[in-house]
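Got your viewer open? Here's a short tour, with a suggestion at each stop for what to select next.

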Amino acid sequence: MIPGARIRLSGWQQAAVAVGSALGALMDPRRADLIAALGETTGKPAFEKVLERMNSSPEGRDILLERPRVISSNVAHAWDLPEPTFGAAYARFMGSRNFSPDDRPPVRFMDTEELAFVATRAREVHDFWHVLFGLPTNLIGESSLKVIEFEQMYLPMCLLSVIGGSARFSEKQRALFFKHYFPWATRAGLRCTDLMCVYYERHFDEDLEDVRRKWGIIPCPDPRH
């Protein structure tokens, strides 16, 4: 059972929430609640495709069967793992930013429990992807990850987030993004495995570089080199 009350919307209500969320998110890309609502109200067909792919993958089926949640009580052991494991890198990423895995907004606008879980999973593995691709959590880093997320899931929200984020770049940031980050993210998102079919928690104790190689991850190169 996915926590949080689901809200059933009619077609016009869904469109109204989508438009309102899109306008609000474009004005303030830091509003995670608006971005979440936009992702849910525009992303049902994309999440249905992700669900199909997960059902076709052995590891994806395990995720759907067990429905793991990326919450503090389930991932706390990552803080006890040694370097250079994936789990330790995740713990360092979260701790250095004072992030909590419990801070994600709940999924509210999915029609079924199964789709609600897929949308929740997509939201909760976001920080794993930051770690794997070596991306910062600033506007450029988030926009770059949205390019990868779009290529992995085809969520319209991801594309809109890139447009909204890049509109807020300074001239220098925009040049850096389109010269360095965008081409890399396009290549990285196409090359790696189907990231929604990875049971990340089972790989916490593995070497970070080993899992990157196994999943075809190209970490973001340093733009200064």
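Among contacts in the protein between residues at least 6 apart in sequence, what percentage join residues at least 24 apart? The figure is 73%. Bear in mind as you click around that this is a predicted model.

**The whole chain**

Start with a cartoon view. You should find twelve helices and zero strands, so the run of elements from the N terminus reads α-α-α-α-α-α-α-α-α-α-α-α. Now switch on the surface: about 11,100 Å² is accessible, with 57% of that belonging to carbon and sulfur atoms. Of the 225 residues, 48% count as buried.

**Stop 1: α9 against α11**

Select residues 139-153 for α9 and 171-191 for α11. A packed pair of helices is described by the angle between the axes and the distance between them. Here the angle is about 30° and the axes are 9 Å apart. Under 35 degrees counts as roughly parallel, and α9 and α11 are therefore roughly parallel to each other. Their crossing is right-handed.

Next, show side chains at the contact. From α9, pick Ile-140, Ser-143, Ser-144, Val-147, Ile-148, Glu-151 and Gln-152. On the α11 side, the residues include Leu-176, Phe-177, Tyr-181, Phe-182, Trp-184 and Leu-190. Colour the contact of α9 with α11 by class and you get eleven nonpolar, six polar and one charged residues.

**Stop 2: α8 against α9**

Keep α9 on screen and add α8, residues 126-133. How far apart are the axes of α8 and α9, and at what angle do the helices pack? The axes are 11 Å apart and the angle is about 110°, which makes α8 roughly perpendicular to α9. His-126, Trp-129, His-130 and Phe-133 are the α8 residues in this contact. They meet a set from α9 that includes Leu-145, Lys-146, Glu-149 and Met-153. The class split for α8 with α9 is five nonpolar, four polar and three charged. Two α9 residues are worth a second click: Ile-148 and Gln-152 are in the contact with α8, and Ile-148 and Gln-152 are also in the contact with α11.

**Stop 3: Arg-121**

Go to helix α7, residues 113-124, and select Arg-121. Is Arg-121 buried or exposed? With a relative accessible area of 1%, Arg-121 is buried, because the cut-off for buried is under 20%. Leaving out residues up to four places away in sequence, Arg-121 touches Ile-63, Pro-68, Val-70, Met-196, Val-198, Tyr-199, Tyr-200 and Glu-201.

**Stop 4: backbone oddities**

Most residues other than glycine have a negative phi, and most peptide bonds are trans. Here are some spots to compare with that.

- Arg-67: look in the loop between α4 (58-66) and α5. Arg-67 isn't a glycine, yet its phi is positive, about 45°. At 27% relative accessibility, Arg-67 is partly exposed.
- Asn-98: this one is in the loop between α6 and α7. Asn-98 also has a positive phi, near 60°, in a residue other than glycine. Asn-98 is exposed, with a relative accessible area of 70%.
- Glu-83 and Pro-84: zoom in on the peptide bond joining them, which is cis, with omega about 5°. Pro-84 is in the loop between α5 (72-75) and α6 (86-96).

Terms used. Residues numbered from 1 in each chain as written. Predicted model: local features only at pLDDT ≥ 70, side-chain atom pairs only at ≥ 80, totals over all residues. Heavy atoms only, no water. Axes fitted to C-alpha atoms, helices over the stretch in contact; angles between N-to-C directions. Helix = DSSP H or I, 4+ residues; strand = E, 2+ residues; numbered from the N terminus. Parallel < 35°, antiparallel > 145°, perpendicular 65-115°, else oblique. Left-handed = near helix turned anticlockwise from the far one by under 90°. Contact = heavy atoms within 4.5 Å. Nonpolar A, V, L, I, M, F, W, Y, C, P; charged D, E, K, R; others polar. Buried < 20%, exposed > 50% of the residue type's maximum accessible area, 1.4 Å probe, protein only. Areas by Shrake-Rupley, 256 points an atom, 1.4 Å probe, with all protein chains shown as cover.
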